[in-house]
Amino acid sequence: MNKIIEKVRNYPFSCLVSAIIWIICLIPIPETPLDEVSFIDKWTHFVMYAFLTMTIWGEYAWKTKKSRSFQWKNLLMGGVVCPIIMGGLVELAQAYLTTCRSGDWMDAVCNALGVVIGVVICIPLANWRAIKDRD
């Protein structure tokens, strides 16, 4: 339990973004004119998870800036594997725990693709941090 509290203290914005994604994905969404946009649901999942990944990587870089303890293993686990697992769990929760939403494996794929794009965008930041730590 102490590790969870420590993560929330160290990564408050990432935890907030994760909580918002869970809420958005589990509440009923009213119809909007955007429903007419092709694949809007898939794009939404893609953007949410890209933003979550960039948030995690950014907070990690900021945190390690002060402690000089940048570690790729921690970043890959917390900034790639965990968001992909969360994306799958969200889809399972939509399928089995709600009556207003339905789980969709293509949404899980879009979640994972969003994570991958977020990583691609953030790799230069992480490389810069790793190089700076060596100096």
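Here is a short chat about the structure above.

User: Hi! What kind of model is this?

Analyst: This is a predicted model, where local features need pLDDT of at least 70, side-chain atom pairs count only at pLDDT 80 or more, and totals for chains, interfaces and linings use all residues. Residues are numbered from 1 along each chain as its sequence is written, and side-chain values use heavy atoms, leaving out hydrogens and water.

User: Cool. How many helices and strands are there?

Analyst: The protein has 5 helices and 0 strands. Both are DSSP runs numbered from the N terminus: helices are H or I with at least four residues, strands are E with at least two.

User: And how far does the C-alpha trace span?

Analyst: About 50 × 35 × 20 Å along the principal axes of the protein.

User: New topic: which residues form the nonpolar patch on the surface?

Analyst: Phe13, Leu16, Ile20, Ile23, Ile24, Ile27, Ile29 and Phe51, with about 700 Å² of accessible area together. Patch residues have over 30% relative accessible area and no salt bridge (a side-chain nitrogen of Lys or Arg within 4 Å of a carboxyl oxygen of Asp or Glu); nonpolar side chains (Val, Leu, Ile, Met, Phe, Trp, Tyr) are joined within 5 Å, like charges within 9 Å. Areas come from the Shrake-Rupley method with a 1.4 Å probe, and for residues only the protein chains shown count as cover.

User: Which helix gives the most to that patch?

Analyst: Helix α2 (residues 12–26), with 5 residues. Phe13 sits in helix α2.

User: How exposed is Phe13?

Analyst: Phe13 is partly exposed, at 41% relative accessible area. Buried means under 20%, exposed over 50%, and partly exposed in between (1.4 Å probe, protein chains only).

User: What share of the protein is buried?

Analyst: Buried residues are 34% of the 135 residues.
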